[in-house]
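Biologist: Before I rely on the terms used for this protein, I would like to hear how each of them is justified. Could we go through them one at a time?

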Amino acid sequence: MNSEENPQGEEHPKGDEPESVTPSAANTGSGNAEPEQTQPEQPEPEQPRPEQPEAQKPEAQKSEAEKPEPAQQTGRQRLVAVLWPPRVSRAQLIVALLLFVLGLGLAIQVRSNSDNSALRGARQEDLVRILDELDNRTQRLEDEKQRLEDQRTELENSSDQAEEARKQTLQKEQQLGILAGTVAAQGPGITLTVEDPSGTVESDMLLDAIQELRAAGAEAIQVNGVRVVADTYFTGTGADIEVDGKPVKAPYRFKVIGKPQDLEPALNIPGGVVQTLEKEQATATVARSQKIVVDALRPAKRPDYARSSAQ
């Protein structure tokens with residue numbers, strides 16, 4: 001009497017609970033009703049990938065190991081690969097040409113400056129001596145300016161201007177006579193003697209010595225008995241040198257009147273007359289003296305066309 005009877009006719013003992021059965025939908029008379037799914041959907045398990053047979057793995061690794069590695073190129077090879085074959089455009093060729101011309105011009109300019117700069121390798125003592133020479137030339141010009149100003153002042157302030165003018169005219173005539181070579185002169189100066197045993201001294205070297213002496217303040221110059229004036233010229237080479245058309249032979253002796261303290265350093269500057277002559281295997285000797293006599297004279301030339309404009 002304590003047992004219950006299920007629809008299938010099975011009996012369950014008392015105290016045992018029947019297994020839970022999902023209630024089915026009410027039968028509406030159709031007879032076939034699908035049961036309602038209430039459990040959550042679970043993801044499908046991943047299918048395991050088929051593993052490569054162990055027997056094939058070593059062979060694959062072996063084949064990969066047997067592949068030859070690419071040879072590494074050196075820096076020089078990479079540079080050659082980049083530069084050759086050359087890939088140059090027209091614009092690059094024009095730029096390269098312009099740079100080449102610019103570099104050539106700079107090189108010529110630098111070389112020209114190096115060749116023309118005789119003082120580049122000079123010692124400090126030589127540079128100081130050159131500066132002193134420039135100062136002396138400046139001082140001589142200042143003295144000449146002051147002298148001319150004094151003469152003008154004397155003419156303006158003199159009570160007898162005619163007599164003062166005559167006196168200054170005579171002084172000026174003597175000065176011009178010395179410069180023109182028509183009047184003998186004496187005074188302190190130097191004697192430059194050039195020995196040329198091998199005959200390598202050229203006429204332009206002697207002319208350079210004259211120009212250097214004039215720039216140093218020489219007032220009267222005589223070379224082997226020939227008076228040197230403003231229009232003096234040197235010609236010939238070797239042992240056939242002429243001064244104003246008159247032949248002169250070695251040794252060449254220059255008698256120069258001027259301030260010895262200015263004349264001698266001017267000849268001994270670096271790259272000057274003495275060094276140039278010594279490079280030609282010649283010997284140049286400079287001697288100071290308080291009395292140098294320049295007695296070689298030149299005839300006074302009367303101009304053919306020029307006349308004085310003074311009335």
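Biologist: What volume does the second largest pocket have?

Modeller: This is a predicted model, and in it the second largest pocket has a volume of about 470 Å³. Its lining is made up of 23 residues, and Leu179, Ala180, Val229, Ala230 and Arg298 lie nearest its centre.

Biologist: What makes a residue part of the lining of the second largest pocket, and which element gives the most to it?

Modeller: A lining residue must have an atom within 4 Å of a point of the pocket, and 23 residues line the second largest pocket. β5 gives the most, with three residues, while α5, β4 and β5 each supply at least two. By class, this lining holds 13 nonpolar, two polar and eight charged residues.

Biologist: How much space lies in the largest pocket, and which residues lie nearest its centre?

Modeller: About 880 Å³ of space lies in the largest pocket, and of the 25 residues that line it, Arg140, Glu144, Arg147, Gly217 and Glu219 lie nearest the centre. The largest share of the lining, eight residues, comes from α4, and α4 (124–157), α5 (161–180), β3 and α6 each supply at least two residues.

Biologist: How many residues of each class are in that lining, and on which side of the count does glycine fall?

Modeller: The lining of the largest pocket has nine nonpolar, six polar and 10 charged residues. Gly counts as polar in this scheme.

Biologist: How do you know that β3 and β9 are paired?

Modeller: Pairing requires at least two bridges between two strands, and six bridges join β3 (residues 185–195) to β9 (residues 252–257), so the requirement is met and the two count as paired. They run antiparallel, with Gly189 standing opposite Ile257 in β9.

Biologist: Why are β5 and β10 called edge strands in this sheet?

Modeller: The open sheet has five strands in the order β5-β4-β9-β3-β10, with antiparallel pairing. β5 (226–228) and β10 (283–294) each have a single partner strand, so one side of each is left without a neighbour in the sheet. From one strand to the next, the twist averages 25 degrees.

Biologist: What makes you say that α6 packs on the sheet?

Modeller: Contact means heavy atoms within 4.5 Å, and helix α6 (residues 203–215) touches β3, β4 (220–223), β5 and β9, its direction making about 10 degrees with that of β9. Helix α7 (residues 260–267) lies across β3, β9 and β10, and runs at about 20 degrees to β3.

Technical notes:
Residues numbered from 1 in each chain as written. Predicted model: local features only at pLDDT ≥ 70, side-chain atom pairs only at ≥ 80, totals over all residues. Heavy atoms only, no water. Helix = DSSP H or I, 4+ residues; strand = E, 2+ residues; numbered from the N terminus. Axes fitted to C-alpha atoms, helices over the stretch in contact; angles between N-to-C directions. 1 Å grid on protein atoms, 1.4 Å probe; cavity = no way out; pocket = protein on both sides within 12 Å on 5 of 7 lines; lining within 4 Å. Points joined across faces, edges and corners; volume = space filled by probe spheres on them.
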